[in-house]
Amino acid sequence: MLRFAAARAVQMLVSIWVAITLIFVAVTQLPGDPVRALFGFRPPPPELYDAISTRFGLDRPLWEQYWLYLSNTLTGDLGDSYPLDGFGAARTGPAVTDTIAAAAPTSAVLVVGALVVQVVVGVGIGALGSLRRRRALSAGVYVVAVLLVATPVVVAAYVLRTVLGVHLRWFPLGGLHQGLVSYVLPLVALSTLSIGYIALLTRTELRETLRAPFVTAARGRGFTTARLVTVHAMRPSLVPVVAFVAANIGQLFVGLIIVEGVFGLPGLGGAVFEAIRSRDRNLLIGLVTVFILVTLVLNTLADILIALVDPRVREATLTAR
């Protein structure tokens with residue numbers, strides 16, 4: 001297991017390096033002059049232009065710029081934000097890392113909460129739907145799961161906000177003024193789509209596993225259906241569920257941006273909207289970098305968890321090497 005975890009950690013580090021390199025290439029190849037863009041419609045004085053270029057290392061060779069960008073990113077220095085005013089001129093804003101650090105706790109609660117809710121609820125619903133003797137319940141679970149899968153995050157967010165927030169007034173419409181209650185609607189909206197997928201995956205996998213010989217042997221010993229599902233069949237059936245959750249991390253961040261925008265939450269999604277509104281390229285690049293790095297780390301942890309659940313995965317991976 002340690003060899004597998006070490007191999008995945010090395011792959012993660014290589015992936016992080018490739019991601020940072022691609023971001024650097026994309027930034028340096030963007031059209032336009034970043035220093036000239038700071039002054040909006042007014043051309044900068046030559047001496048000030050040279051001073052800013054020297055400060056940001058733009059007058060250095062490309063490989064030196066790359067090394068500076070790589071070292072700064074890995075040490076957590078993402079530079080300062082430069083939002084534009086109404087005249088198109090930039091003003092120096094707070095450090096990008098400070099903005100991310102202030103917004104990260106809100107987004108972390110939403111992401112972690114959504115992961116827990118979608119796994120617990122999705123697996124629970126899928127387990128109920130796998131019971132063949134209760135055909136009406138199984139059919140109902142299937143219909144509900146398909147409806148959830150067909151509901152985009154933005155639709156779920158607006159429906160929940162309108163029905164439960166505006167009409168029934170059970171939950172706040174936005175912000176975090178009422179504490180943990182303010183997270184309920186965003187969490188449900190962010191989890192809805194994935195709950196449907198996980199329920200369908202769990203339902204299908206459990207049905208296949210319950211027909212396996214080892215489960216048939218356990219049933220012959222007189223074990224109850226609940227024990228067969230929760231103890232014997234659940235563990236091997238969770239492998240594709242964990243794989244889906246890992247592959248869906250990127251989509252979860254996209255949903256996070258939408259949900260935080262709809263409910264007006266001061267998280268990373270709200271920071272993305274603010275960066276787009278103020279045309280703050282530095283802040284937007286920093287946020288994209290953080291999203292990519294977090295996604296790579298979570299995918300690595302998910303791969304290790306899959307190997308713990310199913311030893312055949314790590315054995316096949318190590319044998320292939």
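# A walk through an all-helix model

Of the 321 residues in this protein, 40% count as buried. What you're looking at is a predicted model, so let's start with how confident the predictor was. The mean pLDDT of the protein is 78, and 79% of its residues reach 70 or more. Confidence peaks in helix 5 (residues 96-129), with a mean of 87, and drops to its lowest in helix 14 (residues 311-320), at 56. Where pLDDT is low, you shouldn't read the predicted coordinates in detail.

Now for the overall layout. The protein has 14 helices and zero strands. Follow the chain from the N terminus and the elements simply run α-α-α-α-α-α-α-α-α-α-α-α-α-α. The chain also brings together parts that are far apart in sequence: take the contacts between residues at least 6 apart, and 71% of them join residues at least 24 apart. On the outside, the protein exposes about 17,400 Å², and carbon and sulfur atoms supply 68% of that area.

Let's zoom in on helix 7, which covers residues 153-167. You can do a quick check here: at 1.5 Å a residue, its 15 residues should span 21 Å, and the end C-alpha atoms are 20 Å apart, which agrees. Which residues of this helix are buried? They are Val153, Ala156, Ala157, Leu160, Leu164 and Gly165. These buried residues of helix 7 pack against helix 8 (184-209) and helix 11 (249-263).

Helix 7 has residues at the surface too. Take Val154, which lies in helix 7. At 33% relative accessibility, Val154 counts as partly exposed, because that value falls between the 20% and 50% cut-offs. Val154 belongs to a nonpolar patch on the surface, together with Val155, Tyr158, Val159, Val163, Leu168 and Trp170. Together, the residues of this patch have about 630 Å² of accessible area.

Just after helix 7 you meet Arg169, in the loop between helix 7 and helix 8. Arg169 has a positive phi of about 60°, although it is not a glycine. Is Arg169 buried or exposed? With a relative accessible area of 70%, Arg169 is exposed.

Carry on along the chain into helix 8 and look for Ile198. At 0% relative accessibility, Ile198 counts as buried. What does Ile198 touch, if you don't count residues up to four places away in sequence? The list is Gln118, Val119, Gly122, Val123, Val241, Phe244 and Val245. You can also find Ile125, 73 residues away along the chain from Ile198, yet the two C-alpha atoms are separated by 8.8 Å.

Thr202 sits in helix 8 as well. Thr202 is buried, since its relative accessible area is 1% and the cut-off for buried is under 20%. Leaving aside its neighbours within four places in sequence, Thr202 is in contact with Gly122, Val123, Gly126, Ala127 and Val241. Compare the two lists and you'll spot Gly122, Val123 and Val241 in both.

For a last stop, go back towards the start of the chain, to helix 4 (residues 62-74), where you'll find Leu74. At 58% relative accessibility, Leu74 counts as exposed. Leu74 and Trp17 are 57 residues apart along the chain, and their C-alpha atoms are separated by 9.4 Å.

Technical notes: Residues numbered from 1 in each chain as written. Predicted model: local features only at pLDDT ≥ 70, side-chain atom pairs only at ≥ 80, totals over all residues. Heavy atoms only, no water. Helix = DSSP H or I, 4+ residues; strand = E, 2+ residues; numbered from the N terminus. Expected span 1.5 Å × (residues − 1). Buried < 20%, exposed > 50% of the residue type's maximum accessible area, 1.4 Å probe, protein only. Contact = heavy atoms within 4.5 Å. Patch = residues over 30% accessible without salt bridge, like charges linked within 9 Å, V, L, I, M, F, W, Y side chains within 5 Å. Areas by Shrake-Rupley, 256 points an atom, 1.4 Å probe, with all protein chains shown as cover. Salt bridge = Lys/Arg side-chain N within 4 Å of Asp/Glu carboxyl O. pLDDT = per-residue confidence, 0-100.
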